[in-house]
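Opening the notebook on a new model today. I want the overall picture before I start poking at side chains.

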Amino acid sequence: MDNKKPLILVSNDDGYNYNGIQSLIKVARTLGDVFVVAPAIHQSGKSSAITFVNPVHTTCIAREEGYTAYLATGTPADCVKLALSQLMADHMPDIVLAGINHGYNSGLNTLYSGTMACVFEGILHGVPSVAFSFGDYSSDADTSVCEPIVKHVTERVLKGGLPKDVCLNVNIPKMDGPFNGMKVTTGDMGRWINEWEHRIDPRGRDYYWLTGDFEIADKDEGLTDYYWLQRGYVTVTPTHVDQTDHASMAAISDLLL
């Protein structure tokens with residue numbers, strides 16, 4: 001690795017063979033040296049799950065000037081943990097990039113997202129981190145349309161950094177034409193409804209298939225990611241891992257103490 005260039009760690013939850021991470025790697029290689037640690041199999045919806053019952057195995061699949069790539073048998077969080085504590089321990093990255101996820105990670109989906117777990121691990125290790133997601137859920141989504149956004153955001157973060165303990169959640173709409181712009185937003189705290197589909201197998205046994213519809217909370221206020229994604233804007237949501245509700249601490253003290 002060239003110590004004069006930025007060192008960029010890339011991971012995702014869809015796996016190394018998906019178009020999203022390949023677009024992310026393509027852009028990252030124009031900006032610096034790239035180190036990839038990606039799940040060996042599809043790991044969407046793993047959130048920040050970690051592997052501690054079984055060992056995690058890694059396989060180096062690429063090693064050349066300015067580019068190294070590993071597959072890991074663990075979760076997305078495992079991948080970044082391994083990278084930062086073992087595989088890259090001698091040279092910490094300047095930035096962690098995750099995605100490009102096939103499908104949005106907007107609103108409360110950040111709670112379930114393996115893509116977001118990658119950047120949460122990044123900021124827990126003190127590294128500026130950015131997650132990218134695209135509003136096309138198909139496995140063969142054309143994520144090349146996201147590449148200019150990825151480059152713009154990554155260049156700005158490499159140059160200016162991010163506030164301490166804050167990562168960025170960037171969602172990119174699927175459009176027939178150009179994007180309408182970029183907005184810094186909050187995450188829409190709507191909820192999933194009709195979350196399970198009940199079916200019966202050929203032997204008469206019940207089973208359930210996860211599905212659902214997202215009921216948005218912000219229908220007309222213009223504050224949230226869902227609102228602006230529906231209107232053709234790229235959304236950027238500053239996010240952190242501290243889930244403490246500091247504003248309610250006094251009220252809870254009065255209630256319990």
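My entries run from confidence and fold to one helix, the salt bridges and a loop serine.

**Entry 1: confidence.** I'm dealing with a predicted model, so I checked pLDDT before anything else. The protein chain averages 92, and 98% of the residues score at least 70. Then I went through the elements: strand β1 (residues 7–11) comes out highest with a mean of 98, while strand β12 (residues 213–215) sits lowest at 76. A reminder to myself: coordinates should not be read in detail where pLDDT is low.

**Entry 2: overall build.** I counted 6 helices and 13 strands in the protein chain. Its radius of gyration is 19 Å against the 18 Å that the globule rule gives for 257 residues, so the chain is as compact as a globular protein of that length. The C-alpha trace spans about 55 × 50 × 50 Å along its principal axes. I also looked up burial, and 46% of the 257 residues count as buried. About 13,700 Å² of the chain is exposed, with carbon and sulfur atoms supplying 52% of that area. For contacts between residues at least 6 apart in sequence, I get 74% joining residues at least 24 apart.

**Entry 3: helix α3.** Is α3 enclosed or open? I find 10 of its 11 residues buried, so the helix is largely enclosed by the rest of the structure. The buried set includes Met116, Cys118, Val119, Phe120 and Ile123, and also the charged-looking entry I wanted to follow up, Glu121. What do these buried residues pack against? I noted β1, α2, β5 (95–102), β6 (129–134), β7 (167–172) and β13. At the start of α3, a side-chain oxygen of Ser113 comes within 3.1 Å of the backbone nitrogen of Thr115. Just after the helix, Gly126 has a positive phi of about 80 degrees.

**Entry 4: salt bridges.** How many salt bridges does the structure hold? I get 7, and I wrote up three pairs.

- Glu147 pairs with Lys26, with the closest N and O atoms 3.3 Å apart. Glu147 is in helix α4 (residues 147–160) and Lys26 in helix α1 (residues 19–31), so this pair ties together parts 121 residues apart in sequence. I looked up Glu147 too: its relative accessibility is 13%, so it counts as buried.
- Lys81 meets Glu121 at 3.2 Å, N to O. Lys81 belongs to helix α2 (residues 76–87) and Glu121 to helix α3 (residues 114–124), so the bridge links parts 40 residues apart in sequence. Glu121 is buried with a relative accessible area of 6%, whereas Lys81 is partly exposed at 31%.
- Lys164 and Asp165 meet at 3.1 Å, N to O. Lys164 counts as exposed at 71% relative accessibility, and Asp165 is partly exposed at 41%.

**Entry 5: a loop serine.** Last stop was Ser248, which I located in the loop between β13 (233–239) and α6 (249–256). Is Ser248 buried or partly exposed? Its relative accessible area is 23%, and since buried means under 20%, I logged Ser248 as partly exposed. A polar atom of the Ser248 side chain lies 3.1 Å from the backbone oxygen of Asp245.

Definitions and conventions: Residues numbered from 1 in each chain as written. Heavy atoms only, no water. pLDDT = per-residue confidence, 0-100. Helix = DSSP H or I, 4+ residues; strand = E, 2+ residues; numbered from the N terminus. Salt bridge = Lys/Arg side-chain N within 4 Å of Asp/Glu carboxyl O. Buried < 20%, exposed > 50% of the residue type's maximum accessible area, 1.4 Å probe, protein only. Rg over C-alpha atoms; globule rule 2.2 N^0.38 Å. Contact = heavy atoms within 4.5 Å. Areas by Shrake-Rupley, 256 points an atom, 1.4 Å probe, with all protein chains shown as cover. Polar contact = N/O pair within 3.5 Å; in protein donor to acceptor, adjacent residues only side chain to side chain.
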